[in-house]
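Okay, thanks for coming, everyone. I'll put the structure up first and then walk through a few spots in it.

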Amino acid sequence: MFEPSIAPDTDDKRGDGVAKQGVGASVPRKEDDRFLRGRGEYVGDIRLPGMRDVAFVRSPLAHARIKDIRIPPHLRSSVFIASDIAADTRPIRAVSGLPGFKPSDQPILAFEKVRQVGELIAMCVADTRAEAEDIAAAVEVDFEELPAVHDMLLARRPDSALVHEEWGDNVFLETFVDINMEAAYDAPIKITREISTARQSMAPMEGRGTVAVWHKRMDQLVLYTGNQQPHIVRNGLSECLNIEQLKIRIVSPDVGGGFGYKGIVLTEDVCLGWLAMRCGYPVRWIEDRREHLTAGANCREHHYNITVYADRDGKLRGVECEASVDSGAYSSYPFSACLEAAQIASILPGPYDFPSYRCRTWSVSTNKCPILPYRGVARTGVCYAIELMMDAIAHECGLEPYEVRLKNLVRPEQMSFDNITKKHFDSGNYPESLRQALAKIDLAGLRARQKKGEPDGRLIGVGLSVYCEQGAHGTSVYAGWGIPMVPGHEQATARMTPDGGLELRIGAHSHGQSMETTLPQVAHEILGIDIARIKLVHGDTEYTPYSTGSWGSRCAVMSGGAVATASRELAKLIKGIGAHLLQTDVENVKLENGAVVGPSNSVKIDEIAHTWYRRPQDLPATVDPRGLEVTIGYKPARDSGTFSYATHIAVVAIDPELGDIELIDYVVVEDGGQLINPMVVDGQIYGGLAQGIGTAMYEEMNFDTSGQPLASTFADYLLPGPTEVPAPKLGHMETLAPYTEFGVKGIGEGGAIAPPGAIGNAVNDALRPLGAQVLHTPMTPRRVLEAIQAAAESRKEKAPELAEGLPA
């Protein structure tokens with residue numbers, strides 16, 4: 001195992017004997033104290049007096065008409081179907097202003113037709129979950145089964161069955177970009193590949209869950225749900241339950257992983273909200289793993305027909321692509337169906353500079369559960385596709401893959417740079433990232449090792465992948481999509497307590513990003529208050545400013561920027577009172593190390609807070625009436641997003657007899673701008689890398705021709721564990737973003753983007769002597785052996801005499 005290159009920063013960098021706690025310090029996570037002691041509070045830990053449990057009758061079929069629902073008479077009061085809730089609810093409707101988009105109405109409880117396995121048909125309530133499941137088992141549903149739309153490529157054919165008959169086809173949205181493509185057609189190199197990625201389950205450690213109760217005194221529905229976007233959930237519930245938002249409070253406690261899976265309004269949320277208001281007692285639903293795997297949302301199912309055009313020196317002239325994404329049966333609220341495919345057209349060029357481009361994409365509806373924007377949204381598939389093609393160019397030109405990339409990467413002197421699809425790269429040195437990554441491996445030694453061969457017959461391969469990630473998208477980006485979650489100014493509240501502590505309130509919510517540590521570090525950088533005395537309040541719509549939530553690698557940039565802005569405004573108020581107590585003008589004081597310092601004396605923030613709250617008689621009549629509390633919004637100077645990036649290099653060993661792939665080395669050199677907490681960033685990269693390895697080598701949610709999911713437990717759906725994830729060699733670059741506080745960039749998703757491309761290129765590099773290649777994830781032993789066998793058969797067809805003696 002390889003040791004990480006970054007150790008926790010415990011050095012005294014202030015020079016006063018106190019360890020640095022602000023921006024740039026590797027402060028241990030405050031959250032870990034409760035998590036490691038088992039004191040976290042998740043939705044499943046919530047117990048309310050009189051609470052009852054809910055189970056659902058779910059469709060066993062992917063596509064069918066509902067002919068009849070039969071409920072035993074003695075159970076009728078415990079079972080609720082569509083006709084019971086129809087007068088009080090509206091279907092989930094996720095819309096977009098993109099031209100040609102077709103909206104889908106997702107019924108809260110299906111009543112005419114089911115469009116996916118696991119779709120809700122009836123809600124059953126009892127004193128325990130086991131009893132509720134027994135009631136659900138007693139409900140009988142008669143179906144008329146319809147042909148299932150199970151393949152997104154077949155779904156676009158004119159003779160396909162229709163998921164939504166009123167559309168006339170199975171396409172949520174088609175997009176098209178065409179920029180000077182004809183100019184590339186005379187290139188001497190033209191390479192075409194068909195590349196695809198498997199559908200995945202998102203698999204957080206904690207599944208979804210909801211507890212709902214009607215608070216009589218507050219005249220308010222309180223919904224506890226582990227969610228990344230509490231305020232967006234309140235928006236959606238208000239629409240679906242047809243009640244004003246004042247009567248809805250969303251509380252999101254600790255979240256055991258989200259990755260996009262917990263970023264939507266669920267039909268289960270609406271059901272439980274309705275039931276709590278109707279019945280008057282608390283109700284709970286906790287997703288089990290079978291529900292999660294068979295009925296929950298999926299991600300990542302992409303298909304590419306891609307052609308690259310290049311000169312003989314490896315210079316990329318153009319990219320032409322047709323891409324499809326399987327979006328499932330519905331577009332989830334606030335928006336999901338087109339997010340991946342529409343982004344493919346805009347981000348496929350990646351970090352490369354070339355003059356010609358054409359891309360057509362389809363967001364396809366099938367009889368599968370909806371897709372959601374999983375960690376790395378679209379970029380993982382896009383990076384896999386374009387990086388495999390860059391290696392194909394290198395092989396055709398007889399160059400090392402890194403040489404081709406150095407010819408085509410955006411150069412630092414071009415920054416800031418608007419690429420061919422008008423993505424605004426804010427800053428960076430992409431070639432330097434590649435060079436630093438190469439320095440961490442012995443490429444010449446690995447090439448010599450390949451030529452010599454392994455004593456055990458395994459094949460060594462080296463692959464690299466370079467990506468860029470647009471994060472922290474702002475108003476100018478999302479407004480063009482016409483969806484109901486356009487981010488604006490991200491607000492934060494900073495409030496001193498009477499004893500000198502600090503409360504920070506933000507509308508985003510953590511699902512593992514360490515915000516209870518990093519945002520106090522931001523406040524400490526400005527105010528000097530010990531982070532142990534800074535508390536972050538989040539995850540509760542009752543007490544936090546409105547926010548579109550946690551998504552798109554935005555929290556460090558947006559919430560961090562809001563906390564910094566609020567802290568600076570609070571600092572002005574603190575200095576105003578401090579100057580009065582020091583009997584000097586505010587221009588003569590400064591705030592440092594948790595105190596207001598004047599020309600001859602100082603006063604601690606604790607005393608200033610005590611004076612404001614407990615001794616107002618000591619304040620002047622002209623004191624600022626805002627006191628020691630500030631709520632203010634923040635936007636970067638330019639809100640088109642930050643661009644973080646990295647180079648990943650993988651070294652693999654493949655057993656050509658078994659198809660087994662072993663990761664024997666892995667390197668990451670990333671640039672996230674100013675790192676608020678490098679140790680936290682390391683953790684983000686480790687976690688993202690594990691998920692990227694899962695995409696590359698293990699995870700696959702297959703469906704049969706009737707639309708049945710073929711994995712319902714973790715015995716069928718494989719996840720990488722500690723023995724499958726090597727400790728990477730990490731390197732950090734810090735090219736400051738020009739438009740954000742401290743130069744921070746979003747980086748939370750990056751670790752998951754590049755691994756399939758790097759591992760895929762390493763696998764194909766190892767298999768190249770056999771003439772084999774793998775172009776589909778996950779790259780399983782079966783697919784490796786199939787590629788080797790196909791190459792052997794091809795050789796025999798072309799030149800039987802040359803194929804003799806080569807491995808089959």
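Let me start with a term: buried means under 20% relative accessible area, exposed means over 50%, and partly exposed is in between, using a 1.4 Å probe and protein chains only. Helices (H or I, at least four residues) and strands (E, at least two) are DSSP runs, numbered from the N terminus. Keep in mind that this is a predicted model, where local features need pLDDT of at least 70 and side-chain atom pairs count only at pLDDT 80 or more, while totals for chains, interfaces and linings use all residues. Residues are numbered from 1 along each chain as its sequence is written, and side-chain values use heavy atoms, with hydrogens and water left out.

So, first stop, α8. How many of its residues are buried? It's 8 of 9, so this helix is mostly covered by the definition I just gave. The buried ones are Leu339, Glu340, Ala341, Gln343, Ile344, Ala345, Ser346 and Ile347. And what do they pack against? That would be β9, β17 (302-310), β18 (316-328), β19 (356-365) and α9. Contact here, and everywhere else today, means heavy atoms within 4.5 Å.

Now, α8 comes back when we look at the open spaces. For the grid people: on a 1 Å grid over the protein atoms alone, a cavity is a set of points where a 1.4 Å probe fits but cannot get out, and a pocket is an open set with protein on both sides within 12 Å along at least five of seven lines; lining residues have an atom within 4 Å of a point. Points are joined across faces, edges and corners, and a volume is the space filled by probe spheres set on the points.

The second largest pocket comes out at about 420 Å³. It has 19 lining residues, and Ala342, Ser346, Thr421, Lys423 and Trp481 lie nearest its centre. Both β9 (171-179) and α8 (339-347) supply at least two residues each to that lining, and α8 gives the most, with 4 residues. Chemically, the lining splits into 8 nonpolar, 8 polar and 3 charged. My classes: Ala, Val, Leu, Ile, Met, Phe, Trp, Tyr, Cys and Pro are nonpolar, Asp, Glu, Lys and Arg are charged, and the others, Gly among them, are polar.

On to closed spaces. There are 6 cavities of 30 Å³ or more. The largest holds about 240 Å³ of space. Of its 23 lining residues, Gln106, Arg208, Thr267, Glu268 and Ala295 are the closest to the centre, and the elements giving two or more residues are α6 and α7 (289-295). By class that lining has 11 nonpolar, 6 polar and 6 charged residues.

The second largest cavity has about 160 Å³. It is lined by 18 residues, with Ile347, Gly350, Arg379, Val382 and Cys468 nearest the centre. Here α8 turns up again, along with α9 (379-397) and β22 (459-471), as elements giving two or more residues. Which one has the largest share? β22, with 5 residues. The class split for this lining is 11 nonpolar, 4 polar and 3 charged.

Next, the loop between β14 (248-251) and α6 (267-279), where Ser252 sits. Is Ser252 buried or exposed? Buried, because its relative accessible area is 3%. Its side chain reaches the backbone oxygen of Thr225 at 3.0 Å and the backbone nitrogen of Asn227 at 2.8 Å. Not counting residues up to four places away in sequence, Ser252 touches Thr225, Gly226, Asn227, Pro230, His509 and Gly539.

Pro253 is in that loop between β14 and α6 too, and is buried at 12% relative accessible area. Leaving aside neighbours within four places, Pro253 contacts Glu41, Tyr42, Val43, Ile46, Thr225, Gly226 and His509. Pro253 and His538 are 285 residues apart along the chain, with 8.8 Å between their C-alpha atoms.

For contrast, take Gln583, in the loop between α15 (555-581) and β26 (590-592). Gln583 is exposed, with a relative accessible area of 75%.

Last, the domains, whose bounds come from an automatic or database domain assignment. The chain is divided into domain 1 (375-473 + 639-801) and domain 2 (489-634). The contact between them takes 19 residues from domain 1 and 21 residues from domain 2, and their centres, taken over C-alpha atoms, are 42 Å apart. That's my tour, so over to you.

Conventions
A polar contact is a pair of N or O atoms within 3.5 Å; within protein, one must be able to donate a hydrogen and the other to accept it, and residues adjacent in sequence count only if both atoms are side-chain atoms.
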